[in-house]
Amino acid sequence: MGLNDKAAEGAWKWVADGSNVTYTNWEASSPNDFSSQDCGQLYQREDTTFTWNDDACSAQLWYYPGTCLIYVIIWFWTSQRDSGTNQI
Ligand SMILES: [Ca+2]
Ligand SMILES: [Ca+2]
């Protein structure tokens, strides 16, 4: 989400302009820097609201495309199912 604390642990900055983060919406236990997590990610709670989590920067590279792919598959499956229903 364009947010990291790579330069100094705990000093979260926006990648876009290097400015300090003023508003935060961290998950209750985050940021916890577990195994040196330095990149911010959106985290969807079970009630579907979003908070922030710190995660390994390498994890984001596949996490978001993977999530998008799952949504596309669900959308495609749903649209096929619905179009089949309409034809009956
Ligand atoms: Ca960190
Ligand atoms: Ca974390």
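Student: How are the helices and strands counted here, and in what order do the elements of the protein chain run from the N terminus on?

Tutor: Helices (H or I, at least four residues) and strands (E, at least two) are DSSP runs, numbered from the N terminus. In this predicted model, the protein chain has 1 helix and 4 strands, and from the N terminus on its elements run β-β-β-β-α. Residues are numbered from 1 along each chain as its sequence is written, while chains are lettered from A and ligands numbered from 1 in the order in which they are written. Because the model is predicted, local features need pLDDT of at least 70 and side-chain atom pairs count only at pLDDT 80 or more, whereas totals for chains, interfaces and linings use all residues.

Student: Which sense does the pairing of β3 and β4 have, and over how many bridges does it extend?

Tutor: Two strands pair if DSSP finds at least two bridges between them. Here β3 (39-44) and β4 (residues 50-55) pair in the antiparallel sense over 6 bridges, and within this pairing Gly40 stands opposite Asp54 in β4. The two strands form a hairpin with 5 residues between them.

Student: What is the phi of Thr48 in the turn, and is Thr48 buried or exposed?

Tutor: Thr48, in the loop between β3 and β4, has a positive phi of about 75° although it is not a glycine. For burial, one counts the other C-beta atoms, placed from the backbone, within 10 Å of a residue's own: 20 or more make it buried, 12 or fewer exposed, and a count in between partly exposed. Thr48 is exposed because 6 other C-beta atoms lie within 10 Å.

Student: Which residues can I look at in the loop between β2 and β3?

Tutor: Among them are Ala28, Pro31 and Ser35. The peptide bond from Ser30 to Pro31 is cis, with omega near -5°. Ser35, although it is not a glycine, has a positive phi of about 55°, and Ser35 counts as exposed because it has 7 C-beta neighbours inside 10 Å. Ala28 is also exposed, with 5 other C-beta atoms within 10 Å, and its C-alpha atom is separated by 8.9 Å from that of Thr51, 23 residues apart along the chain.

Student: What percentage of the protein chain is buried, and what percentage of its contacts between residues at least 6 apart join residues at least 24 apart?

Tutor: Buried residues make up 7% of the 88 residues in the protein chain. Two residues are in contact if their C-beta atoms, placed from the backbone, lie within 7 Å, and among contacts between residues at least 6 apart in sequence, 31% join residues at least 24 apart.
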